[in-house]
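Please find below a short set of points for your consideration. They concern a pocket and one of the helices that contribute to its lining.

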Amino acid sequence: MRIVLFGAPGSGKGTQAHRLLEESGAPQIATGDLLRGAVAAGTELGKKAKAAMDAGDLVADELVVGMIRERLKEPDAEYGFILDGFPRSLAQAEALDQMLDDMGRPLQKVIHLKVDDDEIVNRLLARGRADDTEATIRHRLEVFHKQTEPLLDYYDEQGKLATVEGVGEIDDIHRRINAALPDEA
Ligand code: AMP
């Protein structure tokens with residue numbers, strides 16, 4: 001399968017990507033995890049990304065796109081992938097389409113996990129990661145609405161968008177996602 005799990009921070013993308021990975025073996029590629037790894041390892045990329053991450057802003061498109069380009073070349077991504085937290089801007093979505101077209105492996109589906117803002121804030125405060133204060137959560141939601149949500153129209157126009165209710169039991173949400181996946185995925 002070649003899919004994007006799309007949703008606000010805290011919408012459950014990571015949890016659901018993990019469930020899909022268990023079933024399909026397609027790797028979960030989470031740009032947030034890759035970036036946190038780069039920061040922890042003190043790489044050039046990590047140094048450049050850190051300030052934006054701490055502020056809850058998007059890391060520059062060219063950095064994230066370059067990172068994904070390298071990741072998609074790794075052998076485990078050859079037969080599929082579950083993108084989690086990428087793309088987050090129109091420029092990233094266009095770069096991804098270009099990359100996948102060049103590889104002859106276009107995206108099959110974008111699954112939108114729909115969760116409202118108040119539910120997100122409650123979930124993220126309960127999760128308690130270092131960058132999860134109420135102010136940064138609100139800011140990250142604002143960034144999501146302004147810069148990332150417009151991608152819904154982009155993928156809808158391509159006929160690739162499926163919206164799934166992201167509230168409820170993890171198993172039920174997983175079943176809704178599976179029902180929305182194309183047969184070939
Ligand atoms: P996440 O774990 O997905 O919530 O990502 C944590 C932080 O990493 C975000 O708040 C951004 O600062 C950064 N980040 C992750 N993915 C992207 C992306 N696709 N584009 C830009 N910044 C990103």
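1. In this predicted model, 44 residues line the largest pocket. Those lying nearest its centre are Gly32, Arg36, Arg88, Arg129 and Arg140. The space in this pocket amounts to about 990 Å³.

2. Two or more lining residues are given by each of these elements: strand 1 (2-6), helix 1 (13-24), strand 2 (28-30), helix 2, helix 3, helix 6 (117-127) and helix 7 (134-148). Helix 2 supplies the largest share, with 6 residues.

3. As to its chemical character, the lining of the largest pocket comprises 18 nonpolar, 13 polar and 13 charged residues.

4. Helix 3, one of the elements named above, spans residues 44-55. Which of its residues are buried? They are Gly46, Ala49, Ala52 and Met53. These residues lie on the same side of helix 3, because the arc they cover around the axis is only 135 degrees. In general, an α-helix has 3.6 residues a turn, so residues three or four places apart point the same way.

5. The other side of helix 3 carries the exposed residues Glu44, Lys47, Lys48 and Ala51. The cover over the buried residues of helix 3 includes helix 2 (31-41). Helix 2 thus appears in two roles: it is part of that cover, and it gives 6 residues to the lining of the largest pocket.

6. A backbone detail may also be recorded. Gly56, just after helix 3, adopts a positive phi of about 80 degrees.

Terms used: Residues numbered from 1 in each chain as written. Predicted model: local features only at pLDDT ≥ 70, side-chain atom pairs only at ≥ 80, totals over all residues. Heavy atoms only, no water. Buried < 20%, exposed > 50% of the residue type's maximum accessible area, 1.4 Å probe, protein only. Helix = DSSP H or I, 4+ residues; strand = E, 2+ residues; numbered from the N terminus. Arc of directions from axis to C-beta. Contact = heavy atoms within 4.5 Å. 1 Å grid on protein atoms, 1.4 Å probe; cavity = no way out; pocket = protein on both sides within 12 Å on 5 of 7 lines; lining within 4 Å. Points joined across faces, edges and corners; volume = space filled by probe spheres on them. Nonpolar A, V, L, I, M, F, W, Y, C, P; charged D, E, K, R; others polar.
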